[in-house]
Amino acid sequence: MPPAAPAAPAETGPKGTERRGKPRMNARAGTRMLVVDDSPTIVALLGRMLRQNDYTVLEAADAESGLEIARTQAPELIFLDIVLPGMDGFAALRQLRRDPATRDIPVIMISGNEQATEQFYVHRIGADDFMKKPFARAEVFARIERLLDAHSVPRRLPAQPQAAAETEG
């Protein structure tokens, strides 16, 4: 048996410490991810990060377009801004969760608005995670990794007791 190839050197931070304790798990290549944000900068930035990891990126600038894309193109993960023109991200999330075609798609809510961030934590209406803007590349991929199943497919997290009680009422 040939000797094992040497492991790639660990990535180090500015002080020489390892930035990452274990290798990052990625979703499988081609995973469809929908980015819904009214900021062309955020859409471009997040889209570029995701494409660099061989994901297929779908884009929408408002909730209504995002819902249509979610229904017709079946993304496997959605990044959904909270503050959008017209319908906000909370209303869009409620619609996603009510629709049998989209209810099981994991959703990561994103916002740079402090009030929206607080609302998210108070209401927790079925989102699977939350990212505050501005976000770093490492955070984006850590959020994705957290939602991956054993087959590297994004899945919804088990319902939190508080969130489940709110959706029933």
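Me: Is the crossing of α1 and α5 left-handed or right-handed?
Reply: Keep in mind that this is a predicted model, where local features need pLDDT of at least 70, side-chain atom pairs count only at pLDDT 80 or more, and totals for chains, interfaces and linings use all residues. Residues are numbered from 1 along each chain as its sequence is written, and side-chain values use heavy atoms, leaving out hydrogens and water. Helices here are DSSP runs (H or I, at least four residues), and strands are too (E, at least two), numbered from the N terminus. A crossing counts as left-handed if the near helix is turned anticlockwise from the far one by less than a right angle, and right-handed if clockwise; for α1 and α5 it's right-handed.

Me: Which residues of α5 make the contact with α1?
Reply: Contact means heavy atoms within 4.5 Å. On the α1 side you'll find Leu46, Met49, Leu50 and Gln52. Across from them, α5 brings in Arg137, Val140, Phe141 and Ile144.

Me: Why are the buried residues on the same side of α5?
Reply: Buried means under 20% relative accessible area, with exposed over 50% and partly exposed in between (1.4 Å probe, protein chains only). In α5 that goes for Val140, Phe141, Ile144 and Glu145. They sit on the same side because the arc they cover, taken from the directions from the helix axis to the C-beta atoms, is only 130°.

Me: What is the mean pLDDT of the chain?
Reply: pLDDT is the predictor's confidence in each residue, from 0 to 100. Here 75% of the residues reach 70 or more, and the chain's mean is 82.
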